[in-house]
Amino acid sequence: MVGVVGNRAREAIMRSQRLTGLAPGVIAELVAEIGPLWHERHQAGLASRPRRRAVGAGAKHKLVFVDRLLATLVHLRHSVTHDVLACWFGVDRSTITRAIGEIRPLLAMRGCTVAPDVRLRTLAEVVDHLGASGQIGIIDGTEIRVRRPATGRKDREKFISGKNKQNAVKSMVVTDADGRVMFCSPVEPASCADITHARQLGLVKLLANGPAVEILADAGYQGLGAQTGGRVVTPPHRKFKKNAPDWYEEMHERQRKAHSSRRIRVEHGIAHLKNWRALARHHGRREHMTDIIQAVAGLLSHQQTATLSDEQRK
């Protein structure tokens, strides 16, 4: 297969972390990991339908796998439109659309990298990892603005966020105490409360029946502590609604700030996610949002782990 983008241009894209959001070494690892999976799926698709031409006949791909991966990374990082990428890579718009549709699910399947040989793909794996390593987990919900559903759609109002009063979808993010992303849940309409989303994901059952771990959360998860034997730690309840004594106000404010300072790292992790423009606001199909946020979380965690490993070696 002959690529349209020249080798020199391809190398320039791979070297520029501003364009892809990833170091060249991480991209090389992605090529070695995902390339065989893409080839396998492609061959399976060809074998699934009757062949009318000889093996090797027919049109050849204009985009090699590396170019497909680079186009997907640039699209996720900067939310570049398919038309612009098509001009950049010298192919038709439909070719870029098809390439991103093939690569993005493969990136989402990878999970989050927390160590060079450890990947976390489910919430259960995250809880087990926290219990085995003795680390503290931090959870929070994040909203991603999406297009307004079409008029007349039955569940149109579900996407309206009660907090931001905008059409959005919501995901629960789990980070460690340093703010490194460990898990991003499938998205739900933004009208779903944070605590309801956590219960639907099975967090209560996992913590009640799993290892003894400490999970920090904000006030949106108050109530989970009692259901998980105190494993979910939320800000202290305010006992005095009115006319609180001065000593109580001082104590409550001190406790609240202490809790906030411990869980602020999850906000930093979410901010790193939102640096990928595809998560700042999504203009495409809402059905793709789960793949997008999980793909970005996997790429970001891989980059963070690779950077940490390089610093430790130094």
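Let's start with the cysteines. This structure holds 0 disulfides. Keep in mind that we are looking at a predicted model.

Quick reminder on the chemistry. A disulfide is a covalent bond between the sulfur atoms of two cysteines. To be called one here, the two sulfur atoms must lie within 2.5 Å.

So why is C184 not bonded to C112? Because the sulfur of C184 is 5.9 Å from that of C112, the closest cysteine sulfur, and that is too far for a bond. C184 itself is buried, at 4% relative accessibility.

Now C192. C192 is in no disulfide either. The nearest cysteine sulfur belongs to C184, and it sits 16 Å away. Is C192 buried or exposed? C192 is buried, with a relative accessible area of 12%.

Next, the whole chain. There are 314 residues, and 44% of them are buried. The secondary structure comes to 12 helices and 8 strands. The C-alpha trace spans about 80 × 60 × 35 Å along its principal axes.

How do the contacts spread along the sequence? Take the contacts in the chain with a separation of 6 or more. Of these, 65% are between residues 24 or more positions apart.

Here is one pair to look up on the screen. E29 lies in helix α3. E29 and H302 are 273 residues apart along the chain. Their C-alpha atoms are separated by 9.8 Å. E29 is partly exposed, at 41% relative accessibility.

Here is another pair. T196 is in helix α8, residues 194-200. T196 and R263 are 67 residues apart along the chain, and their C-alpha atoms are separated by 20 Å. T196 counts as partly exposed, with a relative accessible area of 31%.

Now to the helices. Start with α1, residues 7-15. Which residues of α1 are buried? They are R10, I13 and M14. Look down the axis of α1: these buried residues fall within an arc of 95°, so they line one face of the helix.

Here is the general point behind that. An α-helix has 3.6 residues a turn, so residues three or four places apart point the same way.

Turn to the other side of α1. There, R8 and R15 are exposed. And what covers the buried residues of α1? The cover includes α2 (17-20), α3, α4 and α5 (82-89).

Let's see how some of those helices pack. Take α3, residues 24-47, and α4, residues 65-78. Their axes come within 10 Å and cross at roughly 115°. The crossing is right-handed. On the α3 side, the contact is made by I27, L30, V31, I34, G35 and W38. On the α4 side, it is made by F65, V66, R68, L69, L70 and L73. The residues of this contact divide into 10 nonpolar, 1 polar and 1 charged.

Now α4 with α5. The axes of α4 and α5 come within 11 Å and cross at roughly 140°. This crossing of α4 and α5 is right-handed. Which residues meet there? From α4, they are D67, L70, A71, V74 and H75. From α5, they are H82, L85, W88 and F89. The split in this contact is 6 nonpolar, 2 polar and 1 charged.

Find L70 in your view. L70 of α4 takes part in the contact with α3. L70 also takes part in the contact with α5.

Last topic: the backbone. Go to S79, in the loop between α4 and α5. S79 has a positive phi of about 55°, although S79 is not a glycine. At 29% relative accessibility, S79 is partly exposed.

Then K165. Where is K165? K165 is in the loop between β3 (136-145) and β4 (168-176). Phi of K165 is near 60°, again a positive value in a residue other than glycine. K165 counts as exposed, at 64% relative accessibility.

To recap. The model is predicted, and it holds 0 disulfides. The buried residues of α1 line one face of that helix. The crossing of α3 and α4 is right-handed, and the crossing of α4 and α5 is right-handed. Two residues with positive phi are S79 and K165.

Terms used
Residues are numbered from 1 along each chain as its sequence is written. This is a predicted model: local features need pLDDT of at least 70, side-chain atom pairs count only at pLDDT 80 or more; totals for chains, interfaces and linings use all residues. Side-chain values use heavy atoms; hydrogens and water are left out. Axes are lines fitted to C-alpha atoms, for helices over the stretch in contact, and angles run from 0 to 180 degrees between N-to-C directions. Helices (H or I, at least four residues) and strands (E, at least two) are DSSP runs, numbered from the N terminus. A crossing is left-handed if the near helix is turned anticlockwise from the far one by less than a right angle, and right-handed if clockwise. Contact means heavy atoms within 4.5 Å. Ala, Val, Leu, Ile, Met, Phe, Trp, Tyr, Cys and Pro count as nonpolar, Asp, Glu, Lys and Arg as charged, and the others, Gly among them, as polar. Buried means under 20% relative accessible area, exposed over 50%, partly exposed in between (1.4 Å probe, protein chains only). The arc is that of the directions from the helix axis to the C-beta atoms.
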